[in-house]
Amino acid sequence: MNPVSKFLYELQEIAFLTWRVLVGLKRGPRYFRETIDQLDEIGVGSLVIIILTGFFTGGVLILQAYPTLAFYGAQTQAGQGVATTLVRELGPVLTALMVAGRVGSAISAELGSMVVSQQIDAMRALGTSPVRKLVTPRIVALIVAMPLLTVASDVFGLIGGGLVAKQIYGLDTTVYTSSVRNGIDIDDVLGGIIKPLVFGVIIGLIACHKGLNTSGGTVGVGKSTTSAVVSASISVIIADFFLSKALQTLFKTTLF
Amino acid sequence: MSLAEHLVELEAPPEIDFEAPLDNRQRIVPAIEFNDVELAFDDVVVLDKVTFRVRRGETKIVLGGSGTGKSTIINLVLGLIKPDSGQICIDGEDVTDFDEPEMMRVRKKIGMVFQEGALFDSLSVYENVAYRLHEEDVDEDEVEHEVRRMLRFVNLEDAIDKMPNELSGGMRRRVGIARALVGNPSIVLFDEPTAGLDPPTARTICELAIKLRDLEDVSSIFVTHEMNNLDYLSSEYAVVDDQGNVEFETEGERLCLINTEVIMLKDGNIAFSGKDEQLRMSPDPYIHRFIRGK
């Protein structure tokens, strides 16, 4: 199968999976316990790495931007720059990439292992739909957890930026906070919530699709896991471009 | 009533109530029926117009080398894959074109024993065996009673709280059998359940299949490539003695086995169908080589 045909085939399979998830959400049975377990695994389990990522990203943004802003005498605007960059772009995208790496790989490996050890067949033989039991709870958990994780990343990014501004460059905290407030408006916050929702769906669908289509034993599990992380990461970055453009058009915001 | 009316009545197909309990159904309807089933993956023909029936209470042993389509037959019965053409009936119901939700209903009366057990790694033995009941929201007291009953049947009640990774290969298969039997399915499918097991453990698995056949009236397909399994299943039967203990007797001591037949697959076709004695006397060189192992 040539790459274009393969891509279209995968797209078709993911579309089918999406449809089956939607049907599962509508008709049930609904697996609340599994969804809560996944929320714990995906949301709480990812919190530490998301906080660390956000904190140091905010810190390094100030570290790099402050000297340039100071050169132009605009160092009091440093918080504004960090806030806009974090809330609009880096918060959602970095969170999605971290979740794609940590959760996407785990989902794909788990489902892939279940496929090669015939646990998925056993589930179907026992009268349970693997999509409803395994896929839907994970995607719902990602949809709920991703915006929350992104907000955590943004908040700790701003804290990290503030600490670096204060401790290294001696910028007053009040000035920094005021600048941050000037940099964010409601459209940024809404955009920062919409993006992770979409990213959550993308990561969940790709990871589940790759996992459920694993073949070739344990080697196949490794391949599907790698493929899930790579595909999800690239898809997130591509989707981010189009989402940003769509949100700019929607909210008519392009600058500070 | 005229002779013509009598003939019409005789030729009329039996009326079957699919929702009625198994015992009340007419036993004449086969538990599993394949009619001219064909399946190919790309250019490779896996099954070529395969036709056979499994009667109620019968065990059909499916023999054949690797890649001859043995496990494919089981996957077709379960509806995990669909045939390219032909007809598959379960309890007289044509399931060939059933979609997934309809197959879910059919699968409730089928138990499946996988080659490696296929136990859910994250669930304990209790939770694995109780899986189907938990999915149906059965009361927990009832679940525990049923799980213990099934684990007693496979002689593994002591392992109820263990995790699958704490079990030996044979124990995993037996837990798999217990899980398959929950809900008293009328059909049980065995997909090479003794592969890779030592002879005594393989014998234990076969004894469980014999008990299901002779004491529980279960119809089954037993896929294997091991001749020992054929020997056990086609020459021994289970009876309950006066003290209520299960005994295994050899065919000919008191009874003659009529509820076990063999089919052998070769290149997607049925190379043989009949009794084990006929199989052993077959002049077909392929069968001869398979039986002798050379």
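Two strands are said to pair when DSSP finds at least two bridges between them. Keep that in mind for the views below, which come from a predicted model.

**Figure 1. A hairpin in chain B, built from S1(B) and S2(B).** Strand S1 (residues 32-41) of chain B runs antiparallel to strand S2 (residues 44-54) of chain B, and seven bridges join them. Two residues lie between S1(B) and S2(B) in this hairpin. In its turn, look for Asp42(B), whose phi is positive at about 55 degrees. Along the paired strands, Val37(B) of S1(B) faces Val50(B), its opposite number in S2(B).

**Figure 2. The four-stranded open sheet of chain B, in the order S2-S1-S4-S5.** The pairing in this sheet is antiparallel. Its edges are S2 and strand S5 (93-94) of chain B, each of which pairs on one side only. Helix H2(B) packs on the sheet, where it touches S1, S2 and S4 of chain B. The direction of H2(B) makes about 115 degrees with that of S1(B). Five bridges hold the antiparallel pair made by S1(B) and strand S4 (residues 85-90) of chain B. Two positions help you find your way along this pair. Glu33(B) stands opposite Cys89(B) in S4(B), and Glu38(B) has Ser85(B) of S4(B) as its bridge partner.

**Figure 3. A six-stranded open sheet in chain B, with mixed pairing.** Reading across the sheet, the strands come in the order S6-S7-S8-S3-S11-S12. Strand S6 (110-113) and strand S12 (269-274) of chain B are the edge strands, each pairing on one side only. From one strand to the next, the twist averages 15 degrees. Within the sheet, strand S3 (residues 59-63) and strand S11 (residues 260-266) of chain B are parallel partners over five bridges. Leu63(B) is a handy landmark here, standing opposite Met264(B) in S11(B). Helix H2 (residues 70-78) of chain B appears in this view too, lying across S3, S6, strand S7 (187-191), strand S8 (219-223) and S11 of chain B. H2(B) runs at about 145 degrees to S8(B).

**Figure 4. Lys211(B) and its surroundings in helix H8 (residues 199-215) of chain B.** Is Lys211(B) buried or partly exposed? A residue needs 20 or more other C-beta atoms within 10 Å to count as buried. Lys211(B) has 18 within that distance, so it is partly exposed. Which residues does Lys211(B) contact once its neighbours within four places in sequence are left aside? They are Glu216(B), Ala238(B) and Val246(B). Of these, Val246(B) is 35 residues away from Lys211(B) along the chain, yet their C-alpha atoms are separated by 8.2 Å.

**Figure 5. Where chain B meets chain A.** The contact draws on 14 residues of chain B and eleven residues of chain A. On the chain B side, helix H3 (100-107) and helix H5 (131-135) are the elements that give two or more residues. By class, this side of chain B has eight nonpolar residues, six charged residues and no polar ones. For the complex, the predictor gives an ipTM of 0.79 and a pTM of 0.83.

**Figure 6. Chain B as a whole, with its eleven helices and twelve strands.** The radius of gyration of chain B is 20 Å, close to the 19 Å that the globule rule gives for 294 residues, so chain B is as compact as a globular protein of that length. Along the principal axes, its C-alpha atoms fill a box of roughly 60 × 55 × 50 Å. Buried residues make up 38% of chain B. Among contacts in chain B with a separation of 6 or more, 64% are between residues 24 or more positions apart.

**Figure 7. Confidence along chain B, from helix H1(B) to helix H4(B).** The pLDDT of chain B averages 84, and 90% of the residues score at least 70. Among the elements of chain B, helix H1 (residues 3-11) has the lowest mean pLDDT, 42, while helix H4 (residues 125-129) has the highest, 94. Residues 1-14 of chain B have a pLDDT below 50. Beyond near neighbours in sequence, this stretch has three contacts in the model.

Methods: Residues are numbered from 1 along each chain as its sequence is written. Chains are lettered from A and ligands numbered from 1 in the order in which they are written. This is a predicted model: local features need pLDDT of at least 70, side-chain atom pairs count only at pLDDT 80 or more; totals for chains, interfaces and linings use all residues. Axes are lines fitted to C-alpha atoms, for helices over the stretch in contact, and angles run from 0 to 180 degrees between N-to-C directions. Two residues are in contact if their C-beta atoms, placed from the backbone, lie within 7 Å. The radius of gyration is taken over C-alpha atoms; the globule rule is 2.2 Å times the number of residues to the power 0.38. A residue is buried if 20 or more other C-beta atoms lie within 10 Å of its own, exposed if 12 or fewer, and partly exposed in between; C-beta atoms are placed from the backbone. Ala, Val, Leu, Ile, Met, Phe, Trp, Tyr, Cys and Pro count as nonpolar, Asp, Glu, Lys and Arg as charged, and the others, Gly among them, as polar. pLDDT is the predictor's confidence in each residue, from 0 to 100.
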